There are 2 protein chains.
Amino acid sequence: MSETCVLVLDDDPPPRLDRLSGRARVVHADEKSLAERLPEADVLLVWDFLSSAVRDAWPGSGARPGWVHTPSAGVDKLLPELADSDVLITNARGVFDQPIAEYVAGLVLAMAKDFPGSWELQRERHWRHRETLRVGGTRAVVVGSGPIGRRIGRTLMALGVSVDLVGRTERNTDPEFGRVHGNGALDTLLGEADWVVCVAPLTEASRGMFDSAAFSRMKPSARFINVGRGQHVVEEDLVAALREQRIGGAALDVFREEPLPSDSELWQVPGLLVSPHMSGDTIGWRDDLAEQFLDNFDRWSAGEPLMNVVDKTLGYVPAS
Amino acid sequence: MSETCVLVLDDDPPPRLDRLSGRARVVHADEKSLAERLPEADVLLVWDFLSSAVRDAWPGSGARPGWVHTPSAGVDKLLPELADSDVLITNARGVFDQPIAEYVAGLVLAMAKDFPGSWELQRERHWRHRETLRVGGTRAVVVGSGPIGRRIGRTLMALGVSVDLVGRTERNTDPEFGRVHGNGALDTLLGEADWVVCVAPLTEASRGMFDSAAFSRMKPSARFINVGRGQHVVEEDLVAALREQRIGGAALDVFREEPLPSDSELWQVPGLLVSPHMSGDTIGWRDDLAEQFLDNFDRWSAGEPLMNVVDKTLGYVPAS
């Protein structure tokens, strides 16, 4: 093949691909045509990163691209199917760190200050003063010690929150957090936290980790925030914990089924805030994500090592 | 008088006054009985700090207390009437700094991430992804350079916001902010800010400062937050600026008339968030405020200088 073929799985085409002109042939596919197009692709850009079409099409027949890039932090729409091939997977590590950290800090403050309650009262034209929580001096446990989890931790610490970070591997000499706890410490930490934030990669080990047992370990005042993946949470168990007031509240930005169906009970659970998988998506994010892919394409073309190569066994980019 | 008399203007009695037992006689008054009780008081604790009864009763006839304490940051319910007497006024400087800074940071993040929009869509069971603002890299102007304004500034800076602080007096060697702008710089700064936060003391100079002219100087995307006093804002002008989309949004925690009457148009202006004067009021605040008064009472009893003495000409406690 004389010219590199970049196959893009998308509904909406990505911006900035003119940077490829003269250097690659760009072919677009949707979920239906993906399998048919794959054999001609050298590179696959999974622009529609919420689609499961790549897993469904893999391995399939014919040649496979040598490099697959997903403009997301999570790679759970590629694994485990792609793990057994020698394809390189890269992700959007870095782009979402600050936006998601701001989003989580905003949720913490909004819940502490009861903005949902104030705006509900506003609709009722009802003046009712309440006393609210001071955030400084509270404790958070952040499950997920990758760049997003670390950024969340730093941002909460800047607000005076004590942060315990939980990762796969315990480390006792972390330059920023002093220590990163291993998963074994989680049960104890859950009982001490005012805020429990899930931003772990979705793996077989983390799937369903926030279940009835986990919610039972939390304080009745604790709030749970999920900006990881919907599959981290046993949604029925969360609903029960909220309805029985075993925890103080929750905010979900991700769901087992997305878009969340309009008849889902999750829309209307007391103390549960719902948002449509947007915590990382700030104005200009599509440009940032496209540029990040294109920068990596420059490396690919030059035969240089790619940035943000995912460890397909772990399911994320290991810390360097 | 053999025993000190502490007169307390209240609806609800303050906590912790048992610390005075054996050292002072505590007398309670409401708005109606205040004038009659004042002559016997050595100390007046204006626990009901939103009441204008002290201004109304001043100077009146008979002896006046030598010390008046208000458990609020603002002293606009005492001035100008008390300015002409030799009474000492003290306030609650310090207690509200962190809670209000957290509240403002929460509002900034909530508006940037469009939490109001998400929770409106949640009620409609409608999944609609939007792109939101990145807060880091935006610019804020904080009008008010006392401890609350400074704490707001520091908290926003910790979120990556560039902060310009505006005070009565320009200072070019501020240890934290580099420079504190004088009021003369405000017009220019308003045109550059993404966030305009009012936390100034209410004085004749600041009354009505946020009027049509001020809103016209702001960017169409700018958001205005008032945690100062309602009288800082010409509410009709703010409503017009919001309705005509001359600014991007606003959040008011204080109002010209409080409680905000249920028929006020302010409850239902597009882009306007309303809360019931609670930004500083975290759980335990009444205890903190009572302790602060009692600590000052210890000084008063011992003949020591009081903390947080208000400059009655300026209308606030000057920086030491």
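So, the contact between chain B and chain A: together they bury about 5100 Å², and carbon and sulfur atoms give 60% of that area. Keep in mind that this is a predicted model. In terms of residues, 57 in chain B are in contact with 57 in chain A. Which residues of chain B lose the most area to chain A? Those are Trp119(B), Arg125(B) and Trp127(B), and together they make up 18% of what the chain B side buries.

What about polar links between the chains? I get 28 residue pairs in polar contact between chain B and chain A, counting pairs where both residues have pLDDT 80 or more. There are also four salt bridges between the two chains. One to click on is Arg134(A) with Asp288(B), where the closest N and O atoms are 3.9 Å apart. The salt-bridge cut-off is 4 Å, so do look at that pair with the cut-off in mind.

Okay, now inside chain A. We have domain 1, covering 4-94 + 284-302, and domain 2, covering 97-274. Their C-alpha centres lie 31 Å apart. Seven residues of domain 1 of chain A are in contact with six of domain 2 of chain A. The area buried between these two domains is about 540 Å², with 47% coming from carbon and sulfur atoms. And which three residues supply the most on the domain 1 side? Asp76(A), Arg93(A) and Gly94(A): they give 62% of the area that domain 1 of chain A buries against domain 2 of chain A, more than any other three residues.

Asp76(A) comes up again here, as its side chain meets that of Arg229(A) in a salt bridge, 2.8 Å from N to O. Across this domain interface, one salt bridge is found. Two residue pairs are in polar contact between the domains, both at pLDDT 80 or more. As for the residues on the domain 1 side that touch domain 2 of chain A, two are nonpolar, three polar and two charged.

Last stop, the nonpolar cores. The largest has 106 residues. The members touching the most others are Ile152(A), Ile225(A) and Phe293(A) from chain A, plus Ile152(B), Leu156(B), Ile225(B) and Phe293(B) from chain B. Take Phe293(B): leaving aside neighbours within four places in sequence, Phe293(B) is in contact with Val6(B), Leu20(B), Val43(B), Leu45(B), Trp67(B) and His69(B). Apart from that core lies another one, of 33 residues, including Val239(A), Ala241(A), Leu260(A) and Leu272(A).

Note on methods. Residues numbered from 1 in each chain as written. Chains lettered and ligands numbered in written order. Predicted model: local features only at pLDDT ≥ 70, side-chain atom pairs only at ≥ 80, totals over all residues. Heavy atoms only, no water. Domains from an automatic or database assignment. Contact = heavy atoms within 4.5 Å. Buried area = accessible area lost by both parts, 1.4 Å probe. Polar contact = N/O pair within 3.5 Å; in protein donor to acceptor, adjacent residues only side chain to side chain. Nonpolar A, V, L, I, M, F, W, Y, C, P; charged D, E, K, R; others polar. Core = buried A, V, L, I, M, F, W, Y, C linked by side-chain atoms within 4.5 Å. Buried < 20%, exposed > 50% of the residue type's maximum accessible area, 1.4 Å probe, protein only.
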